[in-house]
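Grab your viewer and work through a few short exercises. Try each task yourself before you read its solution.

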Amino acid sequence: MKSIVILISGRGSNMESLLAAIAAGSLPARVAAVISNRPDARGLQSASAQGIPTRVIDHRQHADRAAFDAALRDEIDRFAPDLVVLAGFMRILTEGFVRHYEGRLINIHPSLLPAFPGLHTHRAALEEGVRIHGCTVHFVTPALDHGPVIAQAAVPVLDGDDETTLAARVLAQEHRLYPRAVRWFVEGRLHLHGKRVVFDALQDSSGALIAPRDVVD
Ligand code: GRF
């Protein structure tokens with residue numbers, strides 16, 4: 001069975017969704033370790049309560065980004081994972097680190113990339129007045145929140161939304177999307193062709209999402 005290492009920085013709800021999918025039998029993978037750059041990340045307690053090895057590589061105890069990334073890489077490589085999964089890992093990674101895991105490092109971002117990279121994506125979506133927002137799972141490249149898209153889930157932006165309601169709607173989709181994307185990876189069903197990710201199965205071509213719906217017509 002393929003093994004994964006999950007990197008977190010805080011709450012860890014995406015990590016939980018992966019652990020829940022494994023427990024439910026819908027994600028055939030083994031979590032070799034959960035690693036955090038913050039000792040107080042809430043997700044660490046919950047991972048270790050579920051019997052998963054946890055480690056902390058505290059970025060504040062390293063002189064610079066390169067030293068932190070080298071220590072992180074050493075720790076990850078001790079577990080020899082097939083895939084490294086960023087799940088709310090809030091550090092910018094150096095090019096050397098990213099290249100070391102090329103094709104086996106993925107991230108989930110709370111927007112429909114390439115729209116709204118960086119922080120405060122829900123605020124930005126509301127400020128721009130977009131009608132459709134969502135989340136993206138992508139391979140990581142040296143450019144922040146950029147890289148071949150594996151999967152996206154879209155949600156409508158509703159009148160009356162604020163950052164909290166919109167974030168919650170997106171997060172619910174993150175929790176559905178990430179376990180699926182990781183499953184496709186560990187099953188060997190997705191392949192990188194240049195900048196595009198290609199799946200080994202036929203896909204439905206009629207999945208349009210229109211928002212707002214049923215309001216004007
Ligand atoms: C999620 O919205 C994720 O997309 C973003 O950071 C948040 C992490 O939440 N990268 P959690 O720690 O998984 O609960």
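Below are three exercises on the ligand site, one residue beside it and some salt bridges.

Before you start: this is a predicted model, where local features need pLDDT of at least 70, side-chain atom pairs count only at pLDDT 80 or more, and totals for chains, interfaces and linings use all residues. Residues are numbered from 1 along each chain as its sequence is written, and side-chain values use heavy atoms, with hydrogens and water left out.

**Exercise 1.** List the residues around the ligand, then find polar contacts to the ligand.

*Solution.* Step one: take every residue with a heavy atom within 4 Å of the ligand. That gives R11, G12, S13, N14, G88, I108, H109, P110 and E174.

Step two: look for polar contacts (pairs of N or O atoms within 3.5 Å). A side-chain polar atom of S13 sits 2.5 Å from a ligand oxygen, and a backbone polar atom of G12 is 2.8 Å from an oxygen of the ligand. On the nitrogen side, a polar backbone atom of I108 lies 3.2 Å from a ligand nitrogen.

Step three: check the cover. On its own the ligand has 370 Å² of accessible area (Shrake-Rupley method, 1.4 Å probe), and the protein covers 85% of that.

**Exercise 2.** Place N14 in its helix and decide: buried or exposed?

*Solution.* Start with the helix: N14 belongs to α1, residues 13–24 (helices are DSSP runs of H or I, at least four residues, numbered from the N terminus). Next, its relative accessible area is 8%, so N14 is buried (under 20%; exposed is over 50%, partly exposed in between, with a 1.4 Å probe and protein chains only). Finally, skip neighbours within four places in sequence: N14 is in contact (heavy atoms within 4.5 Å) with A87, I108, L171, E174, H175 and Y178.

**Exercise 3.** Which parts of the chain does the salt bridge between D159 and R131 tie together?

*Solution.* A salt bridge here is a side-chain nitrogen of Lys or Arg within 4 Å of a carboxyl oxygen of Asp or Glu; the whole structure has 12. For D159 and R131, the N to O distance is 3.0 Å. D159 is in the loop between β7 (149–156) and α6 (163–186), and R131 in the loop between α5 (121–128) and β6 (132–139), so the pair ties together parts 28 residues apart in sequence. Now add exposure: D159 is exposed at 68%, while R131 is partly exposed at 38%.

For a last look, R183, E187, R189 and D200 are linked in a salt-bridge network, with E187 and R189 meeting at 3.1 Å, N to O.

Definitions and conventions: Helices (H or I, at least four residues) and strands (E, at least two) are DSSP runs, numbered from the N terminus. A polar contact is a pair of N or O atoms within 3.5 Å; within protein, one must be able to donate a hydrogen and the other to accept it, and residues adjacent in sequence count only if both atoms are side-chain atoms.
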